[in-house]
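Student: Please take a close look at one part of this structure, the small sheet, and then follow the account on to a buried loop position and the helix that it touches. I should like one connected answer.

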Amino acid sequence: MAKENQFVEQIADINADFPQWYTDVVLKTKLVDYGPVKGTMVIRPYGYAIWESIQSELNTRFKKQGVENAYFPLLIPMSYFTKEAEHVEGFAPEVAVVTVAGGETLAEPLAIRPTSETIIGTMCGKWIQSYRDLPMKVNQWCNVMRWEKTTRPFLRTSEFLWQEGHTVHASSEEAQEETLQMLEVYKEFAENCLAIPVMTGRKTEKEKFAGAIATYTMEAMMRDGKSLQAGTSHYMGQNFATAFDIQFLDNDGAHKTAYTTSWGVSTRLIGAIIMTHGDERGLVLPPVVAPIQCVIVPIAARKGGVVEACEALKAELEGAGIRVTLDNSDNSPGWKFNEWEMKGVPVRIELGPRDIEAGKMLCARRDTLEKTELPLAGAADSVKALLKTVQKDMLEAARKRRDERIVYADDMAGILAGVEAGNFVKAGWCGCRECEDKIKEQTAATARVYAEGESAETCAVCGKKAEHVLVYARAY
RNA sequence: UGAGGCGUAGCGCAGCUUGGUAGCGCGUUUGGUUAGGGACCAAAAGGUCGUGGGUUCAAGUCCCGUCGCCUCAACCA
């Protein structure tokens, strides 16, 4: 019981105080620390390693789609933002601006990019002349800055890391297809790499990106039932191409304006991983992106042969491409178990004199806490298989948790009750802005995404004929 | 922007009502004993009490100012 209490002191109870649990977990597992400037965070090695895995997985997928990586400048002339009316209106309040440099006031203030449509649009306008230059698909990994008032590590910070892909196309159809294609890439990545089930679809006019014709999103349900926008893909139509003069000479000899898209995911995905899979003991990381996939804890390490056996096992697993750590620290085994569980390592192997004598190892899964004895012979294959199983089971478990919390409502009271219970609520919508606003006012929930392919009789707010079904949830 | 709360050792806190030697737990360092779910013993290091001023023989404590952070609300691709 005393031990139980000691454990509870480490991190807040996930069920009683989810926000505190989140803060405790990100700090205590050393994923992040706060920066000195409000709203900034330091991504520590353990957190950054997750980001590197995300980058690696996504780069492979982007390249398959014919996207090339590039880098555009951090500073953007303020005047660029004013070229697209909706865009400037949407971003102006949160843009940080450099006004002094080299000891002098600048003739034109420079925005620290909150997103790069304006500068990439400008450059594409310069580079594209012919239909032969299309499609053009570039992506950049970079930092962006948005001066947010309320911030939380990974979920919303003043500065964050992301990738932003930008594509330019000759036709509307092709650009729209690209938008949906990239959304599909994100979904496949989220489910297979992060083990996060996502709902994909279109955003309402109210919720779409400033300057877009259509915004598509992937929404994930967090442990507390709130929704997290985990990635977006925007179809810009000719809005930005017109503003930044992206024109090309088509094969029919006519000058035409291009069509553009943009799509992005950020370090917020790390927050999504934490809040989708975490439990009362801390992090639960999906094997594909876990910085450490397997930790070996020696038992009675001073007894003859234990350290040697652990090192041999480590070498074998490493040789098989498994990211493995041997914990040779002086802490007690029990301390190590709890520590590595808090850090979310998918598989733990306990190896002591008894095991070595019997030619076995004790494998503990982080996701189910299940322990199995496996033969030491062929350890690499069996650990690999176990990691695969954990990855798959984590997705299924998350999907089950989410699906149990998707409910339907046909009036405002139903939506309110639904979201208060921590559900995603599907409800009919007439399509008007007033009804959407009313739901936000009365329930604090927003329309996350269109529930595509579903229909309802009436709008849950006004009772008129429903044109669509929306998914409502409280969101991060 | 509105309301409330908090700044004392690396972290978490007590001390303030009623002014009088700067405390506790965890962590850290050293040595030893331990080891299959957060071990134990012994010793040690670590502080301009957020900051500026005032009252006083004397301020962590009382008074005034100021800065920062947190929570809730509002705002927010």
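**Sheet, loop and helix**

Tutor: Strand S4 and strand S6 (residues 104-112) run antiparallel and are joined by three bridges. The model in which this pairing appears is a predicted one. Within the pairing, Leu-75 lies opposite Ile-112 of S6. The sheet is open and consists of three strands, ordered S4-S6-S5, with antiparallel pairing. Because S4 (75-77) and S5 (96-101) each have a single partner strand, they stand at the edges, and one side of each is left without a neighbour in the sheet. From one strand to the next, the twist averages 45°.

The loop position is Gln-293, which sits between helix H9 (268-277) and strand S15 (294-298). Gln-293 counts as buried because 25 other C-beta atoms lie within 10 Å, where the cut-off is 20 or more. Arg-323 is 30 residues away from Gln-293 in sequence, yet their C-alpha atoms are 5.2 Å apart. Leaving aside residues up to four places away in sequence, Gln-293 touches Pro-287, Ile-322, Arg-323, Val-324, Pro-346, Val-347 and Leu-387.

Leu-387 leads to helix H13, where it is one of the buried residues. Others among them are Val-383, Leu-386, Val-390, Gln-391, Met-394 and Leu-395. As general background, an α-helix has 3.6 residues a turn, so residues three or four places apart point the same way. H13 comprises 25 residues (379-403), so at 1.5 Å a residue it should span 36 Å; the end C-alpha atoms are 36 Å apart, in agreement with that expectation.

Key:
Residues numbered from 1 in each chain as written. Chains lettered and ligands numbered in written order. Predicted model: local features only at pLDDT ≥ 70, side-chain atom pairs only at ≥ 80, totals over all residues. Pairing = 2+ DSSP bridges. Helix = DSSP H or I, 4+ residues; strand = E, 2+ residues; numbered from the N terminus. Axes fitted to C-alpha atoms, helices over the stretch in contact; angles between N-to-C directions. Buried ≥ 20, exposed ≤ 12 C-beta atoms within 10 Å, placed from the backbone. Contact = placed C-beta atoms within 7 Å. Expected span 1.5 Å × (residues − 1).
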